[in-house]
Amino acid sequence: MNWLLNGNCYGSLAQSRDFFQQIGDQTDYLLNTFALKTVITASPLIAKFLKNNFPDLEVRASVNMEIGTPEAVEYLLPWFDGFYLKREYNYDLARLKKMRKFTLKHGKKLFLLVNSGCLNFCSARTFHDNLVAHQHEIAQQDNALDFHGVCHLFLKDNQNKKKLLAYTNFIRPEDINFYEPYCDGCKLATRVSRFPAEIVEAYTMGHWNGNLLDLTEPSHAGNCYPNIIRNDKIPRDYHLHRLQCDKNCQSCSYCCEVQETAACNLKGLYTDVVF
């Protein structure tokens with residue numbers, strides 16, 4: 001059993017005695033009732049508290065901490081047993097190798113989030129994560145504006161939709177085995193997905209015969225409908241190309257060309273697709 005405590009903000013409670021008393025009581029209950037094994041958190045203080053009071057519990061640094069360098073791991077070595085790599089580096093083979101070598105050297109684990117639909121290096125991610133952390137308080141207000149993520153607004157533009165593969169970092173189920181030497185495990189995001197069981201099945205089976213966008217969270221299938229990206233039309237060496245490219249997406253058209261080839265219009269299967 002894994003317990004997720006990766007809120008980006010706990011407000012005024014973040015350092016309070018009552019807050020940590022509650023976490024301690026809940027941890028004790030989960031250990032004794034459900035054999036809790038791991039906790040994922042974005043709070044160094046929660047990690048420190050758990051390591052001091054439950055030393056046998058495995059504590060992992062959330063992907064929300066944006067950890068992407070050995071230095072970032074080194075700062076937190078006393079409090080965490082494992083680290084989720086910054087999602088944008090899923091296709092950076094050199095960095096994967098470096099991070100794997102460093103974490104192994106220090107007896108730590110490395111994990112990946114494999115089906116994120118977030119846009120790479122999203123400039124509004126911290127803001128959005130803070131909103132999610134306070135969503136119940138926000139829902140009680142007379143709010144003037146809605147915010148569902150800049151990705152949804154960005155992808156309303158048809159020209160931007162053509163760059164979806166290039167601007168995202170999710171790993172296909174067919175490619176997941178390649179990553180076994182470079183990490184200890186992978187996380188699947190399914191919290192708000194309409195197809196959680198299908199996502200789990202796709203990645204455990206290593207195969208998906210459908211719209212790639214149905215696997216991601218957030219899912220962009222609705223933004224792109226009636227167009228889909230057929231997974232069976234993605235080249236088998238797609239992941240190898242991305243892992244070893246120079247990451248200069250502004251001057252490279254490879255991912256856009258792959259997406260154009262794999263695009264399909266559900267309302268007009270035999271017509272030209274404008275994705």
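**Exercise 1. Helix α2**

Which residues of helix α2 (residues 44–53) are buried? Work from the predicted model, and then find where the buried residues sit around the helix axis and what they pack against.

*Solution.*
Step 1. Take buried to mean under 20% relative accessible area. In α2, Ile 46, Ala 47, Leu 50 and Lys 51 are buried.
Step 2. Around the axis, these residues cover an arc of only 130°, which puts them on the same side of α2.
Step 3. The spacing fits a general rule. An α-helix has 3.6 residues a turn, so residues three or four places apart point the same way.
Step 4. The partners of the buried α2 residues are β1 (2–5), α1 (17–34), β2 (38–41) and β3 (58–61).

**Exercise 2. Strand β3**

Determine which residues of β3 are buried on each side, and describe how β3 pairs with β2.

*Solution.*
Step 1. In a regular strand the side chains alternate between the two faces of the sheet.
Step 2. On one side of β3 are Glu 58 and Arg 60, and on the other are Val 59 and Ala 61. All of them are buried, and both faces of β3 are covered.
Step 3. The pairing of β2 with β3 is parallel and runs over 4 bridges. Within β3, Val 59 is the residue opposite Val 39.

**Exercise 3. The largest pocket**

Give the volume of the largest pocket and describe its lining.

*Solution.*
Step 1. The largest pocket holds about 1400 Å³ of space.
Step 2. It is lined by 44 residues, and the closest to the centre are His 128, Asp 129, Val 132, Arg 191 and Val 192.
Step 3. Two or more lining residues come from each of β1, α5 (125–133), α6 (135–139) and α7 (150–154). The most come from α5, which gives 7 residues.
Step 4. Sorted by class, the lining has 23 nonpolar, 14 polar and 7 charged residues.

**Exercise 4. The second largest pocket**

Repeat the analysis for the second largest pocket.

*Solution.*
Step 1. The space in the second largest pocket is about 470 Å³.
Step 2. Its lining has 27 residues, with Asn 120, Ala 166, Arg 242, Lys 247 and Cys 249 closest to the centre.
Step 3. The elements that give two or more residues to this lining are α11 (238–244) and α12 (254–262). The largest share is 3 residues, from α12.
Step 4. The classes are 14 nonpolar, 8 polar and 5 charged residues.

Key. Residues are numbered from 1 along each chain as its sequence is written. This is a predicted model: local features need pLDDT of at least 70, side-chain atom pairs count only at pLDDT 80 or more; totals for chains, interfaces and linings use all residues. Side-chain values use heavy atoms; hydrogens and water are left out. Buried means under 20% relative accessible area, exposed over 50%, partly exposed in between (1.4 Å probe, protein chains only). The arc is that of the directions from the helix axis to the C-beta atoms. Contact means heavy atoms within 4.5 Å. On a 1 Å grid over the protein atoms alone, a cavity is a set of points where a 1.4 Å probe fits but cannot get out, and a pocket is an open set with protein on both sides within 12 Å along at least five of seven lines; lining residues have an atom within 4 Å of a point. Grid points are joined across faces, edges and corners, and a volume is the space filled by probe spheres set on the points. Ala, Val, Leu, Ile, Met, Phe, Trp, Tyr, Cys and Pro count as nonpolar, Asp, Glu, Lys and Arg as charged, and the others, Gly among them, as polar. Two strands pair if DSSP finds at least two bridges between them.
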